[in-house]
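This report introduces a protein model to a reader who has not met it before. Please look over the sequence and the structure before reading on.

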Amino acid sequence: MDDKETERAEVSLEPPKIQRLEESVVNRIAAGEVIQRPVSAVKELVENSLDANSTSINVVVKDGGLKLIQVSDDGHGIRYEDLAILCERHTTSKLSKYEDLQSIKSMGFRGEALASMTYVGHVTVTTITKGQLHGYRVSYRDGLMEQEPKPCAAVKGTQIMVENLFYNMIARKKTLQNSSDDYTKIVDLLSRLAIHHINVGFSCRKHGAARADVHSVTTSSRLDSIRTVYGVSVARSLMNIEASDNDPSTSVFKMDGFISDSNYVAKKATMVLFINDRLVECSALKRAIEIVYTATLPKASKPFIYMSIVLPSEHVDVNVHPTKREVSLLNQEIIVEKIQSAVELKLRQSNESVTYQEQTVASSPSSSLGTSKELQPKLLSPGSQSQKVPVHKMVRTDSSDPAGRLHAYLQTKPHKHLAENSSLTAVRSSVRQRRNPNETADLTSIQELIDDIDCNCHSGLQEIVRQCTYIGMADDVFALLQHKTHLYLANVVNLSKELMYQQVLQRFAHFNAIQLSDPAPLPELIVLALKEEDLDPESSENDDLKEKIAEVDWEEEKSCFQSIAAALGNFYALHPPLMPNPSGEGLVNYKKRKAFTNTENEGEPSNSTGDDVEMEDEIDHELVSEAEAAWAQREWSIQHVLFPAMRLFLKPPTSMATNGTFVQVATLEKLYKIFERC
Ligand code: ADP
Ligand code: MG
C-alpha cells in the first residue's frame, strides 16, 4: 500500500461533516418539486384564478412554457398591502391553522406555488381589486419583490407572468427542451379543467397564435362543454353515469359523470377525474374501469371517462402530494368497487339496448351496489401496497357480495331462470333475424342437437356455474370455485370446449362466411394437414390411415355438423398455453442448455461422452416473460371471458358431474370446524 492509498483509507473512516444548506438552495430544491414542469406552473396559476372566483381564465404559452406562461383572470385580485409577501414561501390567504385542512374548499392551501415559481423563474404580477382606479405591477425573484409595486392600467382581476422557467436549473431545462411536449400537456390540462368548471370560460393559445387551442364558454350543460372542448364525436358517444353510497359503515360518496359507449374508439384511454372539485389521478379507479371496458366492449376498450366524485371533506386527505395531484380517500377500495360495478352495469345495459332492443335488464344498480360488511373502513395512502394489487387479481370469496366483481349482476336468482332463458332466446332470434332476414327456421339436425343439449343439462351444475364465485386457478386446468359454502375444482378445458361446442350449434349458419369461387378439395387438404403434423413429412407410413381420417361423411347431416361443432369447440377451448407454466417448479423448463468442449484436451482426439453437455443454471428470462404473459392472459380470459359467458350460456351436460369436470373439494363449514379446533 503506498502513501496515497493509506491517506484515502484514513479519510474514508471519518464521517462527513454535516452542514446547514443555504436557504436559497433549500428553496430552489423545494421549488423544483412543486413546479416539476411548465404544466405544473400552469396548474397552480389556474387554480389560484379559480380560487379567486374568476369566470374567465386565459392562458398564453411560449416555447412550451419555458419562455413564457401568462395566466389572466377576472377574479377578486390581490390587495396592495399583500403584494410584499405574496411570493414568500408559506404565505397564503386560504389556511390559517392545520385543522382548516379538514374542510378546505380552495384548490391551494400550501402557500408555496407562487414562491416556488420565483425561485426557478421570473414572476411578474399585475392586479387590481374592486373599487380601485388603477392596478399595480411588480416583479419577484427568490420570493421577494424586485422593487416597489408600480401603479399601472389594469382590467379586472390578476395577470401573472412566469418567464424563463428553470433558467437556473440547467439539467431540468435541457430535458424539457428535448421533450417539448409540455404545450400538449397544458392543452390537455385546460381541457380537463374546462369540462368540470363549466361556469368558467377558459382559453389557451400559443403566444402570437390567432387561434386558441382550448376555448370554452360558460354553460349550464356539461355535455355541451365536452362537445365544445373535446368535439362532437366524443360527446355523441357519451352516456351519463351515477353512483352513490351513504352508509358510514361502508362508504359515503356521490359520483356523476359521463362514460363512452361502444362507438367511441380511441388509441388511448382518457380519464378526467375530479374529487371534491380537485383534478386528481387515481390509478386504481382508472384500472378498474379499463378492465370493465376490456371485458365488456373489447373493440372500444380505451374509453373516455369524466367523473366527479364528491365526499365529505373530512374523508379526503388532500395533503399527500406536493403538487396535489393525488388525494387519499377513506374507503377508497369500496368506492372504486362500487363505481366499477356501476360502470359495468351501464355498459351491459347499453350494449344490450343497442344490439337487442327487446331485452329488459332485470337487475337494478342498487342491487349490484350491495354492502360488504367484512371490509373495514381504512385510510389508504395512494402509494400503499394494497392499492397496487391489480383489481382483476383481487380475490373475492363472498358470493353474496357482488360489489366490485365483474359480471356480478349476471348471477340470476334461481326463480328467474325461466324468464331469463326465454328472454335470451328471444334476443338471439331477433339478432338472427336481423342478420339473416330471409332465413326462417333452423335446420332440423341442428335443432335436434340443441334439444339434446337442453335435455341433457344438469340443473345442479348449471346452478353452480351461474352462482359461483371464481377464486383462481388451482393448477393448469382446474379452477377453484366457491358456490354457497362448497369449494369445487372445475376443469376449464372441458368447460370451455363444451361452451364453444354449444355456441357453435346455437349460432350455426350465422357466422361470417367466405364464399370460395371453386370448392376447396377438402380430403386432400386434410391429408396435407395430417402430414404436416408428422415428424417426417416425406414418409408414406400410415398414409392409408390418414386417408381414412380424411374421409368425412358429408352425407349424414346431423353427425357431420356435430363433429364440426366438436372440432371447433376443441379448437377454441382454453387449452393451457404451449409453453410450460414458468411459475414454481415449471421454471426448470427455462434453464439454458449450453454445450462446451473440454479445452484442456485440445489436439487429442476428443472422447465424445455425455459429459460434454452441461445444464447451466442460467434462466432464459425472455422466454420466461413471454410464457408468463401467455399464462396470465389465459387466466384473465378464464375469469373475465369464460366464466361470464358460461353464466349466460352454458348448459352443463350430466356427464360433467361424474367425469371429473367438477370435483367438490371441501365444505367451508367443515373447514371452519377444523380451524376452530386448531
Ligand atoms: P396558495 O394558493 O396555496 O394560497 P399560492 O402561492 O398559490 O398559495 O398563492 C398565494 C396567495 O396569493 C393566495 O393565497 C392568494 O391569496 C393570492 N393569489 C395568488 N394568485 C391569485 C390570483 N390569481 N387572484 C387573486 N389572488 C391570488
Ligand atoms: Mg395556489
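## A pocket, two cores and paired rings

Helix 6 supplies six residues to the lining of the second largest pocket, the largest share of that lining. The model described here is a predicted one. The pocket has a volume of about 1,100 Å³. Its lining comprises 33 residues, and those closest to the centre are Asp-188, Arg-192, Leu-279, Glu-281 and Arg-325. Helix 3 (38–51), helix 6 (182–196), strand 12 (270–275), strand 13 (278–280) and helix 9 (283–296) each contribute at least two lining residues. By character, the lining consists of 14 nonpolar, eight polar and eleven charged residues.

The interior may be considered next. The largest nonpolar core holds 58 residues, of which Val-46, Met-117, Leu-190 and Phe-202 touch the most other members. Helix 6 again appears here, with eight residues, the largest share of this core. Apart from this core lies another, of 36 residues, including Met-255, Met-307, Leu-329 and Ala-342. Val-46, when residues up to four places away in sequence are not counted, is in contact with Ile-57, Val-59, Val-71, Leu-190, Leu-193 and Phe-202.

Two asparagines merit attention for their backbone angles. Asn-53 is not a glycine, yet has a positive phi of about 60 degrees. Asn-53 is placed in the loop between helix 3 and strand 1 (56–62), and its relative accessibility of 62% makes it exposed. Asn-164 likewise has a positive phi, near 50 degrees, and lies in the loop between strand 7 (157–163) and helix 5 (170–179). With a relative accessible area of 27%, Asn-164 is partly exposed.

Aromatic rings form a further topic. The whole structure contains seven aromatic pairs, two of which are set out below.

| Pair | Centre to centre | Angle between planes | Arrangement |
|---|---|---|---|
| Tyr-80 and Tyr-136 | 4.5 Å | 40 degrees | tilted |
| Tyr-470 and Phe-643 | 5.1 Å | 55 degrees | tilted |

Tyr-80, in the loop between strand 2 (68–73) and helix 4 (113–120), and Tyr-136, in strand 4 (residues 135–141), are 56 residues apart, so their pair links distant parts of the chain. Tyr-80 is partly exposed at 38% relative accessibility, whereas Tyr-136 is buried at 18% relative accessible area. Tyr-470 belongs to strand 17 (residues 469–473) and Phe-643 to helix 20 (residues 621–649); the pair therefore ties together parts that are 173 residues apart in sequence. Both Tyr-470 and Phe-643 are buried. Elsewhere, ring pairs join Tyr-230, Tyr-264 and Phe-304 into a cluster.

Key: Residues numbered from 1 in each chain as written. Chains lettered and ligands numbered in written order. Predicted model: local features only at pLDDT ≥ 70, side-chain atom pairs only at ≥ 80, totals over all residues. Heavy atoms only, no water. 1 Å grid on protein atoms, 1.4 Å probe; cavity = no way out; pocket = protein on both sides within 12 Å on 5 of 7 lines; lining within 4 Å. Points joined across faces, edges and corners; volume = space filled by probe spheres on them. Helix = DSSP H or I, 4+ residues; strand = E, 2+ residues; numbered from the N terminus. Nonpolar A, V, L, I, M, F, W, Y, C, P; charged D, E, K, R; others polar. Core = buried A, V, L, I, M, F, W, Y, C linked by side-chain atoms within 4.5 Å. Buried < 20%, exposed > 50% of the residue type's maximum accessible area, 1.4 Å probe, protein only. Contact = heavy atoms within 4.5 Å. Phe/Tyr/Trp six-rings, centres within 6.5 Å; stacked < 30°, edge-to-face > 60°.
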